[in-house]
Amino acid sequence: MANPELPASRHPLDRFLRLFAPVGAQEGVTSMLLLANIFLVLMAYYFVKPVREGWLSVAAIEGLSKIEVKAYSAFAQSMLLIAVLPLYAWLASVLPRRTLITRVGVGFCLALVLFWTLQPGVLAVADAVVAVAFYLFVGIFGVTLVAQFWSFASDVFGAERGKRLFPLVAVGAASGATVGSWAGEAIVSSGQWEAADLLLLAVIPLGLAIWIGRLTDQRGSVGDPSAATRNRWSEPAAPRNEGGFQLIAQHRYLAGMAALVLLFNWVVASGDNILFAAVQEALAADLASAGHSSDAYARALKDATTAFYGDLYFWVNLIGLLLQAFVVSRLAMLGGLSLLLLATPIISLAAYATMALAPVLSVLKVMKVAENAANYSVNNTARHMLWLPTSKTMLYQAKPTVDTLFVRIGDGLAALTVLLGTHWWGLDVIEYLLINIVIAVAWLCVAAYLSMEHRRWGTSAGGA
């Protein structure tokens, strides 16, 4: 995998990492710091994510099915982000990137502790209120911290280094998600911890990620801070406050990325909603014969849902890790960004076609594992590489907007699909899957457009 155009490095770490990506001299340490940073962020997230599904499974809201509760909660996230994103854009325009990362991370740590105190059944707060509020928080928690990390990584590396090293850094995301989902399931299965205790445990990797981010900011790309890196220590993360919405409206390249994120999240969230409904139906049938009391039934359903999704996320993340470590860089070298962009919508098309032919829980689970693993590795790397030629203001204002709001708008459209399909059209599982196939075709078309538009932007951005 070594790139013959790069000068040889004497550092053992640089030479070892060339087995996975074309790492240049003195780039290995910063690459590993960034890899460790996103590893810890995703580990924390996957401690928290299965707890969200478990809490939502016991959020009984009169007149709404379980799939509607999940889908409508996702839609509410986009409404909340519309209010939050201008505040984040302002913070990015006045705070240096190190301070921005620290304050946002610490804020999420405090929120995790707060929700631990509000877990269902502990305080006199309605379980449905806590579960829905927690669902909104987790959705914003995951997308905000990940978007902020990749903005920071793009800022540190710049376009040329980012193209070479992002597939390597992204191994940290895949491995962190894998370890987090496996460890979370093992902790709960041990019987020594309640599922909600994962919220407190998540503070540990998140706190370490904040510390590593600060260290990386000080070090720069190669450990010998340039004048540009030293300037970034005191400059605001975003040089100007142009606003994410305005930037997206002004540049068709950014608008194309927003459309890409919206469409693939619409597809993935719709698939998640279909799977969630199938899981709840299957578990309800299994538990109905056990003769539980209402309280025992609710606990059993919550624990079974958490266990199912813990296992699902483990396989998604393990396969995603293998793809990230051994496939993504090779795909990028073989067909460039274009191949990475087009691969995942093609996989999704194949997955939903298979589900439509055999709409049973076991097939749904396997196909969702395949789709999500490709999304978390191939597609995520491609999406972040698309931002490498953009300005720092775009990185810290437009990118968080795209990677949070448009993710949740995609979820909201999936919720709208559930609303119309349930109450107006009376759709069955196969018809929902056919809708997803149509959206995946639109996703493929936007990916092809962005592949051409990316070449026009070039690679003029510089690293820190």
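**Exercise 1. The second largest cavity**

Task: In this predicted model, find which helices each supply at least two residues of the lining of the second largest cavity.

Solution.
- Step 1. Start with the lining itself, which is made up of N37, V41, I101, G105, L145, Q148, F149, F152, L206, A209 and I210.
- Step 2. Place these residues on the helices: helix 2, helix 4 (97-117), helix 5 and helix 6 (198-219) each give at least two of them.
- Step 3. Look for the biggest contributor. Helix 5 has the largest share, with four residues.
- Step 4. Sort the lining by class. There are eight nonpolar residues, three polar ones and no charged ones.
- Step 5. Add the volume, which is about 100 Å³.

**Exercise 2. The largest cavity**

Task: State the volume of the largest cavity, and describe how its lining residues divide by class.

Solution.
- Step 1. Take stock of the cavities: the structure holds four of 30 Å³ or more.
- Step 2. The largest of them has a volume of about 860 Å³. It is lined by 42 residues, and those closest to its centre are Y45, Y46, K49, N265 and Y376.
- Step 3. Trace the lining back to the helices. At least two residues each come from helix 2 (28-57), helix 3 (66-94), helix 5 (127-189), helix 9 (252-288), helix 10 (294-357), helix 11 (361-385) and helix 12 (392-425).
- Step 4. Helix 5 provides the largest share here, 10 residues.
- Step 5. By class, the lining holds 23 nonpolar, 10 polar and nine charged residues.

**Exercise 3. The overall fold**

Task: Work out how many helices and how many strands the protein has, then say what percentage of its residues count as buried.

Solution.
- Step 1. Count the elements: there are 13 helices and zero strands. Read from the N terminus, the order is α-α-α-α-α-α-α-α-α-α-α-α-α.
- Step 2. Turn to burial. The protein has 464 residues, and 56% of them count as buried.
- Step 3. Check the range of the contacts. Among those with a separation of 6 or more, 83% join residues 24 or more positions apart.

**Exercise 4. The nonpolar core**

Task: Name the residues of the largest nonpolar core that touch the most other members, and list what L254 touches.

Solution.
- Step 1. The largest nonpolar core has 134 residues, of which F134, F137 and L254 touch the most other members.
- Step 2. Helix 5 gives the most to this core, 27 residues.
- Step 3. Follow L254 outwards. Setting aside residues up to four places away in sequence, L254 touches L247, I248, W387, T390, M394, A398 and V402.

**Exercise 5. A serine in helix 5**

Task: Is S151 buried or exposed, and which residues is it in contact with beyond its sequence neighbours?

Solution.
- Step 1. Locate the residue: S151 lies in helix 5.
- Step 2. Its relative accessibility is 0%, so S151 counts as buried.
- Step 3. Leave out the neighbours within four places in sequence, and the contacts of S151 are L395, Y396, K399 and P400.

**Exercise 6. Two cysteines**

Task: How many disulfides does the structure hold, and are C109 and C445 buried or exposed?

Solution.
- Step 1. Recall the bond in question: a disulfide joins the sulfur atoms of two cysteines covalently.
- Step 2. The count of disulfides in the structure is zero.
- Step 3. C109 has a relative accessible area of 11%, so C109 is buried.
- Step 4. C445 has a relative accessible area of 53%, so C445 is exposed.

**Exercise 7. Pairs far apart in sequence**

Task: How far apart in space are N231 and P96, and how far apart are L87 and G243?

Solution.
- Step 1. N231 sits in helix 7 (residues 227-234), and with 41% relative accessibility N231 counts as partly exposed.
- Step 2. N231 and P96 are separated by 135 residues in sequence and by 9.9 Å in space, C-alpha to C-alpha.
- Step 3. L87 belongs to helix 3, and its relative accessible area of 48% makes L87 partly exposed.
- Step 4. Between L87 and G243 there are 9.9 Å in space, C-alpha to C-alpha, with the two 156 residues apart in sequence.

**Exercise 8. A backbone angle**

Task: Where does Q26 lie, and what is its phi near?

Solution.
- Step 1. Q26 is found in the loop between helix 1 (12-17) and helix 2.
- Step 2. Its phi is near 70 degrees, a positive value in a residue other than glycine.
- Step 3. Set this beside the general pattern: most residues other than glycine have a negative phi.

Conventions:
Residues are numbered from 1 along each chain as its sequence is written. This is a predicted model: local features need pLDDT of at least 70, side-chain atom pairs count only at pLDDT 80 or more; totals for chains, interfaces and linings use all residues. Side-chain values use heavy atoms; hydrogens and water are left out. On a 1 Å grid over the protein atoms alone, a cavity is a set of points where a 1.4 Å probe fits but cannot get out, and a pocket is an open set with protein on both sides within 12 Å along at least five of seven lines; lining residues have an atom within 4 Å of a point. Grid points are joined across faces, edges and corners, and a volume is the space filled by probe spheres set on the points. Ala, Val, Leu, Ile, Met, Phe, Trp, Tyr, Cys and Pro count as nonpolar, Asp, Glu, Lys and Arg as charged, and the others, Gly among them, as polar. A disulfide is a pair of cysteine sulfur atoms within 2.5 Å. Buried means under 20% relative accessible area, exposed over 50%, partly exposed in between (1.4 Å probe, protein chains only). A nonpolar core is a set of buried Ala, Val, Leu, Ile, Met, Phe, Trp, Tyr and Cys residues joined through side-chain atoms within 4.5 Å. Contact means heavy atoms within 4.5 Å.
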